[in-house]
Each structure stands twice: as C-alpha cells, then as structure tokens.
Amino acid sequence: MNDREVIDKLANARRRMIEDNLKRRGISDTAVLKAMEVIRREQFVPEAYRSQTYADCPLPIGKDQTISQPYIVALMTEELRVNSDCEVLEIGTGSGYQTAILSTLAKKVYTIETIEQLAESAKSILTKLGVSNVEFYIGDGSRGWPEEKSFDRIIVTAAVPHLPKPLCEQLAEGGLMVAPVGPAGVQELMVCKKENGNITTQMVCGVRFVKLIGEFGFAE
Ligand code: SAM
C-alpha cells in the first residue's frame, strides 16, 4: 500500500469511528465531532499500533502510559463545553492527542505532563502540525499550573483519588473541571462546577484511567 492509500484507509476508519463509536453512543456536539474528524489520531499513535488507531480502545504510547480511547476523549471534551473564549488547563499531556483536540476548540491550552519524553514528543508533533495555542509544562500537574492563574476549564486525563485542591483553586468562578475520580482500577468520571467559590460535582459514568502520580494524586 502506498502512502496515499494508507491515508485514505485511515480516513475511512476515522469516519467509521465517528459514526459507530461516537455518534451512535451519544456524542452530539458538532464542534467536538468536527475536532475528532480533523485531528488524525494516527499521528499520535506509535508506528507499531498504527493499524489499530481507530479501534475504540486505549493504546500504549511508551513509559507505561496510554493514549485514551477515542470515545472517552470525545465524551470528556463534550462534557467540558469548551468554546473559543476558554483557557483550558489539561493535566496529563500523554501523546498530545487530547491536547490537539482541545486546541481546535479553545482560545489557549496549557498542558502539564510529568514524563519529559512524552511531553517532548507531544510538543514536537503539535509543532509539526502548526498548532500555536498550546503551552507545555513538565512537572506534577496535581499541583496545578506553576504560575498564579485561573482557568475556565480543567481536564484531568489520569485518575485522581480526590479532586486535587490546587486544581479546585485554579478553576475560575463559573468554570468546569472534568476528572476521573476514585481508586486505582475503576473511577467515576466527574464534571465539577465552581459556583460562589464552591465546587459541585456530577457523575457521568464509570471509567478506567492510569493513575496520576503526584503530591495531590496517588503516591508512586
Ligand atoms: N490525554 C492523553 C492523550 O491523549 O494521549 C492521555 C493521557 S494518559 C491516560 C495519562 C497521562 O498522565 C500520562 O501521560 C501520565 O504520564 C500523565 N501523568 C501522570 N501523573 C501526572 C502528573 N502528576 N502530572 C502530569 N501528568 C501526569
């Protein structure tokens, strides 16, 4: 198969993913569906797993980490209700796929990854794609963005035992945070809203994420 044929085959698989795994399972936000169509997941998946790019499952990205399942990326993005005025903080850059999706919807994305090699790889992919509204930081995202700042939206893409206090503090008034909260193994996907300084939470569904290792996450 030549390069053109591979690209066409993956484009067909991407369209099927959108119909079968996203729309059919209730993802309806047209901006989110468009972002999932425009961003080519294969660019974030290691060569060895490229043929499985559009299977609805997480895939290894090295360093014992995974790129999340497409349906969960779409669901979390839909629940986050991002618009072009939003500044978004993402905890767990991983492959950079979710970051790329968010970058098409938000004014600016700030993303934190604890593993340097993953952060550098994601940065290099996004730079090659010409994405210019993302700021990267390598460190413990459970402590929040390293400078004093508040965010309209926060997305946590690794499991936390409780909502990390620094993230609750950096969430702007009226802002939304989406996070998998619970013990290692199985968590609840929570949508959290800050109103009058208080955080209210709503459960979306059960999920299974790798652990967020950090001061306000899980211990090593
Ligand atoms: N959203 C990513 C993607 O689209 O590829 C997948 C994220 S993966 C499920 C979770 C990521 O969280 C891993 O890359 C892991 O290294 C990172 N992580 C774990 N603990 C962290 C911490 N304290 N701060 C920042 N990132 C962390």
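## A tour from the whole fold to helix 2

Residues 24 or more positions apart make up 52% of the contacts in the protein that have a separation of 6 or more. This is a predicted model, and with everything still displayed, the secondary structure comes to 6 helices and 9 strands. Along the principal axes, the C-alpha atoms fill a box of roughly 55 × 35 × 35 Å. The radius of gyration is 16 Å, which agrees with the value near 17 Å that a compact globule of 220 residues would have. Of those 220 residues, 49% count as buried.

Next, select Leu22, Ile27, Met36, Phe44, Val82, Val88 and Tyr97, which touch the most other members of the largest nonpolar core, a set of 47 residues. To see where this core draws its members from, colour helix 1 (3–23), helix 2 (30–38), strand 1 (59–62), helix 3 (70–80), helix 4 (97–105), helix 5 (116–128), strand 7 (171–181) and strand 8 (187–195), each of which supplies at least two residues. Which of these elements gives the most to the core? It is helix 3, with 7 residues.

Now centre on Val88 and display its surroundings, leaving aside neighbours within four places in sequence: Val88 is in contact with Leu80, Val82, Leu102, Ala106, Lys108, Val109, Tyr110, Phe151, Arg153 and Ile155. From there, select Leu89, Val156, Met190 and Leu212, which are among the members of a second, separate core of 19 residues.

Move next to helix 2 and show the side chains of its buried residues, Val32, Leu33, Ala35 and Met36. Looking down the axis of helix 2, one finds these buried residues within an arc of 160°, so they line one face of the helix. An α-helix has 3.6 residues a turn, so residues three or four places apart point the same way. Adding helix 1, helix 3 and helix 4 to the display brings in the elements against which the buried residues of helix 2 pack. At the start of helix 2, select Asp29 and Ala31, where a side-chain oxygen of Asp29 comes to within 2.9 Å of the backbone nitrogen of Ala31.

Finish at strand 1, which also supplies at least two residues of the largest core, and show it together with strand 2 (residues 65–67). The two strands run antiparallel and are joined by 3 bridges, with Pro60 standing opposite Thr66 of strand 2. In this hairpin, 2 residues lie between the strands, and Lys63 takes a positive phi near 55°.

Conventions. Residues are numbered from 1 along each chain as its sequence is written. This is a predicted model: local features need pLDDT of at least 70, side-chain atom pairs count only at pLDDT 80 or more; totals for chains, interfaces and linings use all residues. Side-chain values use heavy atoms; hydrogens and water are left out. A nonpolar core is a set of buried Ala, Val, Leu, Ile, Met, Phe, Trp, Tyr and Cys residues joined through side-chain atoms within 4.5 Å. Buried means under 20% relative accessible area, exposed over 50%, partly exposed in between (1.4 Å probe, protein chains only). Helices (H or I, at least four residues) and strands (E, at least two) are DSSP runs, numbered from the N terminus. Contact means heavy atoms within 4.5 Å. Two strands pair if DSSP finds at least two bridges between them. The arc is that of the directions from the helix axis to the C-beta atoms. A polar contact is a pair of N or O atoms within 3.5 Å; within protein, one must be able to donate a hydrogen and the other to accept it, and residues adjacent in sequence count only if both atoms are side-chain atoms. The radius of gyration is taken over C-alpha atoms; the globule rule is 2.2 Å times the number of residues to the power 0.38.
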